[in-house]
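Trainee: I am new to this structure and should be grateful for a close look at a single part. Which classes of residue make up the lining of the largest cavity?

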Amino acid sequence: MISRRDFLAAAPAAALSTPPAGRRPPNFIVFLCDDLGSGDLGYRGARDVKTPNIDALAASGTQFTNWYANAPVCGPSRASLMTGRYPIRCGKPGNGGNLPVAEKTLATLLQSHGYKTGITGKWHLGNSPETVPNARGFDHFFGFHGGCEDYFSHRYYWGADTKTNYHDLWLNRTEIFRNGQYLTEAIAREASDFVVRNKSNPFFLYVPFNAVHYPMHAPEKYMERFASLPLERRIYAAMLSAADDAIGTVMAQVKRLGLLDNTMVFFSADNGATRETRAGLSGETPSAGANGVFRGFKFSLFDGGMHVPAVMSWPGRIPAGKVNHELGMHMDILPTICTVAGAKVPDDRTIDGRDVMPMVTSGAKSPHDAIFWSSAGQLAVRRLNWKLVQNGKTYDGTDVGNEKLTGDDALFLSDLASDPGEKRNRRHDNPALTDELATLAAKWLESVKLN
């Protein structure tokens, strides 16, 4: 149901974003970084890491301060972005398994609406014939199916000792070998070439980098930019700098072809920085990625796990240099893009995301009264500035961080307006609110399990 207030707020945004009759529909580009620390971008306050191209994108559009991934880990986060649905509802609650074939992806919806669709980078939503990108609405695919891989050999060799070390680089459905090519640069070349090939067509380009996900690999030319940093931070900065250059390469191509004013761009990350041992050097807990003031890391339902940077840019359509403090989530991208493109949002299933263009262009409030997460036994809800985390874990690289909080802190209530780091538990100050939010989260969890 949509309220009269939301309808009236949406009207000017719809008029602004929908192309006039006879005009070519807009293009869409979605850039996604992997395991990115929320404090590791120049426009977010980083001083030792340089990200001029992402910063320029942020300056050209609207920055979100309260944007969230739908999960604190790669696979389900990407599933929500692609389907517009909570991870449990779309059948991808964790990293394992494929996105069910019954799910409709953003690429499928745009492809059926006449768009050329491409992905260059990390898929992580399936590797069977019926779940690879070319089976999920993408005309063109360059990249890998799995969760991570070596940046130079393009092989997967993590996990249990019983798992096979395998090569994972594909051009559409054909395995290809480009040994020695730095993957971030290869992703940029392929993405740029896709733009050139489709300059005369409306297109949707999804560029999900594996940077800055482990392994810690970067060419010397990027390392040289950060010679004064400690080694681990230096490699991390170099990997992020390569991704920033890649975004600059694609955007320069868009501008050169005269497509900038008709291209809507979204940039974000799949989750926060990690403290996994395998993401560090010499078997030590890593410390390279920084989540700023936020508590917790990848896998955690405290904000460090999924409170991510986000930018939306579209010259002349989305205000430049603006900062938006309303709540948004990755699942909002599908209905937003579909609405702008004039493509039909599926009505045969629950779409949890909402069109956020009214929020971006005309100052409307968030379309969400509350947003929710469920991950590995943790449950969380945010409503306005209040956030409740049940059975939370910080995943800070310590043994204690891998255990759920107990006692009073098993229910952790925070006022994010005054305490964005979720340091003070306010449950006993607000017992009625704590019960209300706990009940709301429990009811949500039951509802998404049903359909």
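Mentor: The lining of the largest cavity has 8 nonpolar, 2 polar and 1 charged residues (Ala, Val, Leu, Ile, Met, Phe, Trp, Tyr, Cys and Pro count as nonpolar, Asp, Glu, Lys and Arg as charged, the others, Gly among them, as polar). The model is predicted: local features need pLDDT of at least 70 and side-chain atom pairs count only at pLDDT 80 or more, while totals for chains, interfaces and linings use all residues. Residues are numbered from 1 along each chain as its sequence is written, and side-chain values use heavy atoms, without hydrogens and water.

The lining consists of Asp-35, Val-212, Tyr-214, Met-216, Tyr-236, Ala-273, Thr-274, Ala-279, Pro-286, Ala-288 and Gly-289. They surround a volume of about 90 Å³. On a 1 Å grid over the protein atoms alone, a cavity is a set of points where a 1.4 Å probe fits but cannot get out, and lining residues have an atom within 4 Å of a point. Points are joined across faces, edges and corners, and the volume is the space filled by probe spheres set on them.

Tyr-214 and Ala-279 also belong to a core of 5 residues, in which Cys-148 and Tyr-156 are found too. A nonpolar core joins buried Ala, Val, Leu, Ile, Met, Phe, Trp, Tyr and Cys residues through side-chain atoms within 4.5 Å, buried being under 20% relative accessible area, exposed over 50% and partly exposed in between, with a 1.4 Å probe and protein chains only. This small group lies apart from the largest nonpolar core, which has 126 residues. Phe-31, Phe-204, Phe-267 and Met-312 have the most contacts inside the largest core. Its largest share, 13 residues, comes from helix H7 (residues 231-256); helices (H or I, at least four residues) and strands (E, at least two) are DSSP runs numbered from the N terminus. Beyond four places in sequence, Phe-31 is in contact (heavy atoms within 4.5 Å) with partners including Ile-247, Val-250 and Met-251, as well as Phe-266 and Phe-267.

Tyr-156 leads to another space, the second largest pocket, of about 530 Å³. A pocket is an open set of points with protein on both sides within 12 Å along at least five of seven lines. Of its 28 lining residues, Tyr-156 is among the closest to the centre, together with Asn-95, His-124, Gly-146 and Gly-147. This lining divides into 9 nonpolar, 13 polar and 6 charged residues.

In all, the structure holds 2 cavities of 30 Å³ or more. The second largest cavity has a volume of about 40 Å³, and its lining has 6 nonpolar, 2 polar and no charged residues. They are Asn-70, Tyr-86, Pro-87, Ile-88, Phe-372, Trp-373, Ser-374 and Trp-444. Strand E15 (residues 371-375) gives the largest share, 3 residues.

A word on confidence is in order. The mean pLDDT, the predictor's confidence in each residue from 0 to 100, is 94 for the protein chain, and 94% of its residues reach 70 or more. Confidence is highest in strand E1 (residues 27-33), at 99, and lowest in helix H1 (residues 4-17), at a mean of 42. Over residues 1-17 the pLDDT is below 50, and this stretch has 18 contacts beyond near neighbours in sequence. Where pLDDT is low, the predicted coordinates should not be read in detail.
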